[in-house]
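This briefing sets out the strand order, the strand pairing and the helix packing of the structure shown below. Please keep the sequence and the 3D view at hand while reading.

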Amino acid sequence: VARELGNLPANICTPTYLAEQAVQLGSKHKSLKVQALNEKQMLKLGMGSLLSVGHGSLQESRLIVIEYKGSSKAGSKPYVLVGKGITFDTGGISLKPGAGMDEMKFDMCGAASVIGTMNAVVELQLPINIVAVIAAAENMPSDRATKPGDVVTSMSGQTIEILNTDAEGRLVLCDALTYVERFHPKTVIDVATLTGAAVATFGDYTSALLSNHDPLARELIEIGSHMLDQAWQLPLAEEYQSLLDSNFADIANIGGPRAGTITAACFLSRFTKKYHWAHLDIAGTAWLSGAQKGATGRPVSLLVEYLRRQKA
């Protein structure tokens with residue numbers, strides 16, 4: 001399922017198409033409750049950061065919420081997955097080079113892996129509660145598109161100076177990560193094709209992992225090794241946070257040329273202080289280029305095995 005969604009061209013796999021796939025899954029399984037928030041609903045929630053990414057596109061952004069009830073235990077808190085669903089990423093006004101841009105249809109592979117994982121969860125009938133949230137948008141340049149230097153207000157109330165519109169994944173994820181606070185999660189794992197720095201660091205073999213809770217990080221690393229779906233931890237150190245300082249907002253959306261994977265996670269960490277959280281940057285592992293071009297479906301096996309081991 002994850003590979004199929006990842007491989008679909010962006011003229012088919014839009015944010016609305018992703019929402020339709022989730023709704024179809026929900027219609028087949030009584031254990032699922034699915035809703036797909038539209039832009040008006042997100043605006044009411046104050047999701048100015050997520051909405052800024054889709055401003056330049058005719059495709060409507062969507063926040064897709066899949067709730068799975070597998071536990072009969074009263075008040076059992078859910079495990080939460082959050083997926084980046086940029087169905088095509090031109091970079092926006094900070095336009096990417098043309099060579100290889102066709103592969104930016106894969107920028108929703110985090111969302112694809114979350115939907116794939118939820119397909120497995122309902123088949124396995126896991127005895128826990130799980131919530132999956134997918135932040136879906138298309139990042140396009142136009143006369144309406146967000147511009148470098150624009151300042152937006154996130155759902156958390158924190159203001160963000162958008163210095164580079166191609167650092168859009170964190171802009172959709174931060175509002176989704178604030179949204180999931182309402183579920184009082186046991187843990188939150190976000191999955192995103194987030195940074196070229198992760199590709200430069202790990203190639204296409206290992207996913208980058210950063211977390212505000214070391215026991216969760218260690219568990220994911222061990223499971224990844226067991227499932228041949230390798231992840232490796234990078235430091236989420238306070239010293240990196242100052243690289244995101246802005247003269248005009250609470251935070252900038254990029255931290256300069258160095259430590260790009262770490263500063264991206266530092267950005268997200270500002271929105272995850274109320275729960276145990278891990279971030280999987282799968283920019284290198286979500287798809288292959290060249291003769292083997294195509295989505296890999298990672299890290300579905302890592303996510304499913306993690307959830308399989310949890311208790312209500």
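**Sheet architecture and helix packing**

Helix H9 (residues 260-269) lies across E7, strand E8 (207-211) and strand E11 (277-281), and its direction runs at about 145° to that of E11. The model is predicted. An open sheet of 8 strands, with mixed pairing, has the order E1-E2-E4-E3-E7-E11-E8-E9.

**Edges and twist of the sheet**

- Strand E1 (32-37) and strand E9 (231-233) stand at the edges with a single partner strand each, so one side of each has no neighbour in the sheet.
- On average, neighbouring strands of this sheet are turned by 20° against each other, direction ignored.

**A second helix on the sheet**

- Helix H2 (residues 15-28) also packs on the sheet, where it touches E1, strand E2 (62-69), E3 and strand E4 (129-139).
- The direction of H2 makes about 15° with that of E2.

**Strand E3 and its partner E7**

- Strand E3 (residues 79-89) and strand E7 (residues 187-192) run parallel and are joined by 5 bridges.
- Within this pairing, Leu 81 has Ile 189 in E7 as its bridge partner, and Val 82 is partnered by Asp 190 in E7.

**Strand E3 and its partner E4**

- E3 is mostly covered, with 11 of its 11 residues buried.
- The pairing of E3 with E4 is parallel and extends over 10 bridges.
- Gly 83 stands opposite Ile 134 in E4.
- From E3 the chain passes through helix H5 (residues 109-124) to E4, and this β-α-β crossover is right-handed.

Notes
Residues are numbered from 1 along each chain as its sequence is written. This is a predicted model: local features need pLDDT of at least 70, side-chain atom pairs count only at pLDDT 80 or more; totals for chains, interfaces and linings use all residues. Side-chain values use heavy atoms; hydrogens and water are left out. Two strands pair if DSSP finds at least two bridges between them. Helices (H or I, at least four residues) and strands (E, at least two) are DSSP runs, numbered from the N terminus. Axes are lines fitted to C-alpha atoms, for helices over the stretch in contact, and angles run from 0 to 180 degrees between N-to-C directions. Contact means heavy atoms within 4.5 Å. Buried means under 20% relative accessible area, exposed over 50%, partly exposed in between (1.4 Å probe, protein chains only). A crossover is right-handed if, with the strands pointing away from the viewer, the path from the first strand over the helix to the second runs clockwise.
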